[in-house]
Amino acid sequence: MEGNIDVVSNNPRRQILIATDGSETANEAADFAMEMFGCSGAKVYAVYVIDTTPYRSIPLDKIWSKETLDELERAGLEATSYVEKIGKAAGAEVETRVLRGHPAEKIVTFAEDNNVDMIVVGSLGKGGYEKVVLGSVSEKVVRHARVPVLVVRERHKSEKKLIQA
């Protein structure tokens, strides 16, 4: 490989960003992405964002102790390690990142800065009032990203039971 070009076929190697928060829904999105792109030789970025939005104007060390920040970093490493494990099993090159800031903004900016071809995010499928009150990282990413965004919805419990049977 040379740069992002596959020398054998002369095609650009796809770069996929899988955003994760470590939840079951995020893991389902990662699983789906690997089924779709893993064996294609894609480079995958597994990205976890520590949400510091409520504390934008205050230094983090004044809000959270070093232990708390370390715990948040560990959660991010654990979440991205799942994506790394399944990605490597699928034959993809995986790079993990734990970022700090507003999740949607960081995901979109990272995608732009790294010439990502597609962003994959999970969604709990909230709608109406819930979406307005809670906000939605996936919705904001869809709205602001300059590349395609694949939103993988959480399977309902009844679907999971059918699949496991």
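**View 1. Helix α3 against one side of the sheet in this predicted model.** Helix α3, made of residues 66-89, lies across the strands β3, β4 and β5, and its direction runs at about 155° to that of β5. A residue to look for here is V94, which has its place in strand β5. With a relative accessibility of 11%, V94 counts as buried, because the limit for that word is under 20%. Leaving out residues up to four places away in sequence, V94 touches V44, A46, V83, E84, G87 and K88. One of these, E84, is 10 residues away from V94 along the chain, and the C-alpha atoms of the two are separated by 5.6 Å.

**View 2. The open sheet of 5 strands.** The strands stand in the order β5-β4-β3-β6-β7, and their pairing is parallel. The edge strands, each of which pairs on one side only, are β5 (93-101) and β7 (149-153). On average, and with direction ignored, neighbouring strands of this sheet are turned by 25° against each other. A reader who follows the chain from the N terminus meets the elements as β-β-β-α-β-α-α-β-α-β-α-α-β-α, which comes to 7 helices and 7 strands.

**View 3. Strand β6 and its partners β3 and β7.** On one pairing, β6 and β7 run in the parallel sense and are joined by 5 bridges. Within that pairing, V120 stands opposite L150 in β7, and S123 has R153 of β7 as its bridge partner. On the other pairing, β3 and β6 are also parallel, and 3 bridges join them. Here I18 stands opposite V120 in β6, and V120 is thus a residue to find in both pairings. Strand β6 is mostly covered, with 5 of its 6 residues buried. When tracing side chains along a strand such as this, it helps to recall a general pattern. In a regular strand, the side chains alternate between the two faces of the sheet.

**View 4. Helix α1 packed on the sheet.** Helix α1, residues 24-37, touches β3 (15-19), β4, β6 and β7, and its direction makes about 145° with that of β6. The helix has 14 residues, and at 1.5 Å a residue these should span 20 Å, which agrees with the 20 Å between its end C-alpha atoms. The buried residues of α1 are T25, A26, N27, E28, A29, A30, A33, M34 and F37. A general rule is useful when looking at such a list. An α-helix has 3.6 residues a turn, so residues three or four places apart point the same way.

**View 5. N27, a residue of helix α1.** Is N27 buried or exposed? With a relative accessible area of 19%, N27 is buried, because that value lies under the 20% at which the term stops applying. Leaving aside its neighbours within four places in sequence, N27 is in contact with T20, G22 and Y82.

**View 6. The aromatic pair of the structure, Y45 and F110.** The structure holds 1 aromatic pair. Y45 and F110 form this pair, which is edge-to-face, with 5.1 Å from centre to centre and 75° between the planes. The two rings link distant parts of the chain, as Y45 sits in strand β4 (residues 43-51) and F110 in helix α4 (residues 103-113), 65 residues apart. Both partners are covered, for Y45 counts as buried at 5% relative accessibility, and F110 is buried with a relative accessible area of 7%.

**View 7. N115, in the loop between α4 and β6.** What is unusual about the phi angle of N115? Most residues other than glycine have a negative phi. The phi of N115, however, is near 50°, a positive value in a residue other than glycine. This residue has its place in the loop that leads from α4 to β6 (118-123). N115 is exposed, because its relative accessible area of 55% is over the limit of 50%.

**View 8. The chain as a whole.** The chain has 165 residues, and buried residues make up 38% of them. Of the contacts in the chain with a separation of 6 or more, 76% are between residues 24 or more positions apart. The chain exposes about 10000 Å², of which carbon and sulfur atoms supply 51%.

Conventions. Residues are numbered from 1 along each chain as its sequence is written. This is a predicted model: local features need pLDDT of at least 70, side-chain atom pairs count only at pLDDT 80 or more; totals for chains, interfaces and linings use all residues. Side-chain values use heavy atoms; hydrogens and water are left out. Helices (H or I, at least four residues) and strands (E, at least two) are DSSP runs, numbered from the N terminus. Buried means under 20% relative accessible area, exposed over 50%, partly exposed in between (1.4 Å probe, protein chains only). Contact means heavy atoms within 4.5 Å. Accessible areas come from the Shrake-Rupley method with a 1.4 Å probe; for residues, only the protein chains shown count as cover. Rings of Phe, Tyr and Trp (its six-membered ring) pair if their centres lie within 6.5 Å; planes under 30 degrees apart count as stacked, over 60 as edge-to-face and the rest as tilted. Two strands pair if DSSP finds at least two bridges between them. Axes are lines fitted to C-alpha atoms, for helices over the stretch in contact, and angles run from 0 to 180 degrees between N-to-C directions. The expected span of a helix is 1.5 Å times one less than its number of residues.
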